[in-house]
Amino acid sequence: MSELEKEVKRFAETHNGEQVSSYRAVYNVGRHGISTKESTDAYHNWSATYEQDAGPDKFRGPVIAAESVAAFYRTHRDKVLILDVACGTGFVGQELQKRGFKQMDGLDPCSSLLEKARAKNIYRKEFCCYLNDKPLPIEDNTYDCAVLSGGMMEGHVPCSGLYQLARVVKPGGLVCIVMREEFLEHVQEYRDNLEPVITDLESRAIWRLASRTVVPNYFLDKNGVVFNFVKC
């Protein structure tokens, strides 16, 4: 039995069939040892049922992220320029629209998911690329806010990508990262490197940590954690 099947079997002992199907799909794109390319290919293969498996009844990350951004920008939301990283099919963008935000760009390495987002007319433009240690095709200090929900998993955004997030956000702007709390320990990349990178960015006065909040039911019954950083 593969690692995937073992994990899904364990999860199935306490959850219903629809939840198990969703968990299987999400676990598959972020399974232990998966490479970035393998994960992107898995998203391509998943794209037909992605919105069903990762919809708001199962994955609350987009709502949590949008509420966090809205709490920071209480007025003039229509003027706030946002980069939605790991935007997928546009769930976060849709939640931001509901809260009065109108100017958004999307970034995701999976073209199949971006096609679905493009059809919804959420974003001014879409970037099909990875967030990692390589420079994004975006000028310094472009956005008022960068939001990342669901992109911090095994084989997804490395900690080095946080430097790029900080670079493209304007001074005084927000970097909002929402992820599963357990990945802080279960994913070696984050266990080993996330705290040192956050500390480095703070010590160099590039950003400051404004809040760190644990939230329930981020994905099914799994807790999430919300990091809010303000660019210096």
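Q: In this predicted model, which residue's side chain does a polar contact join to the side chain of D105?

A: The partner is R124: the two side chains are joined by a polar contact of 2.9 Å. A polar contact requires N or O atoms within 3.5 Å.

Q: Where does D105 lie, and is D105 buried or exposed?

A: D105 belongs to strand β2. The residue is buried, and its relative accessible area is 0%.

Q: Which residues is D105 in contact with, leaving aside its neighbours within four places in sequence?

A: The contacts of D105 are I82, L83, D84, Y123, R124, K125, F127 and Y143. For K125, the backbone nitrogen is 3.4 Å from a polar atom of the D105 side chain.

Q: Which residues does UniProt list for the domain "Methyltransferase"?

A: The UniProt record, an unreviewed entry, gives residues 82-173. In the model, the C-alpha atoms at the two ends of this span are 10 Å apart. Helix accounts for 27% of the span and strand for 25%.

Q: How should one read the buried residues of a helix, and which are buried in α6?

A: In general, an α-helix has 3.6 residues a turn, so residues three or four places apart point the same way. Helix α6 covers residues 91-98, and its buried residues are F91, V92, G93, E95 and L96.

Q: What do the buried residues of α6 pack against, and which residue follows the helix?

A: They pack against two helices, α4 (50-53) and α5 (61-72), and against the strands β1 (81-85), β2 (103-107) and β4 (143-149). G100 follows α6 and has a positive phi, near 95°.

Q: How many disulfides are there?

A: A disulfide is a covalent bond between the sulfur atoms of two cysteines. The count here is 0. To be counted, a pair of cysteine sulfur atoms must lie within 2.5 Å.

Q: Why is C110 not bonded to C128?

A: The sulfur of C128 is the closest cysteine sulfur to that of C110, but the distance is 7.4 Å, so the two are too far apart for a bond. C110 is buried, with a relative accessible area of 1%. C232 is likewise in no disulfide, as its nearest cysteine sulfur, in C145, is 16 Å away. C232 is partly exposed, at 44% relative accessible area.

Q: Where is E67 placed, and how many Å separate its C-alpha atom from that of N28?

A: E67 is in helix α5 and is partly exposed, with a relative accessible area of 43%. Its C-alpha atom and that of N28 are separated by 28 Å, the two residues being 39 residues apart along the chain.

Key: Residues numbered from 1 in each chain as written. Predicted model: local features only at pLDDT ≥ 70, side-chain atom pairs only at ≥ 80, totals over all residues. Heavy atoms only, no water. UniProt positions renumbered as here; feature names shortened; annotations may be inferred. Helix = DSSP H or I, 4+ residues; strand = E, 2+ residues; numbered from the N terminus. Buried < 20%, exposed > 50% of the residue type's maximum accessible area, 1.4 Å probe, protein only. Contact = heavy atoms within 4.5 Å. Polar contact = N/O pair within 3.5 Å; in protein donor to acceptor, adjacent residues only side chain to side chain.
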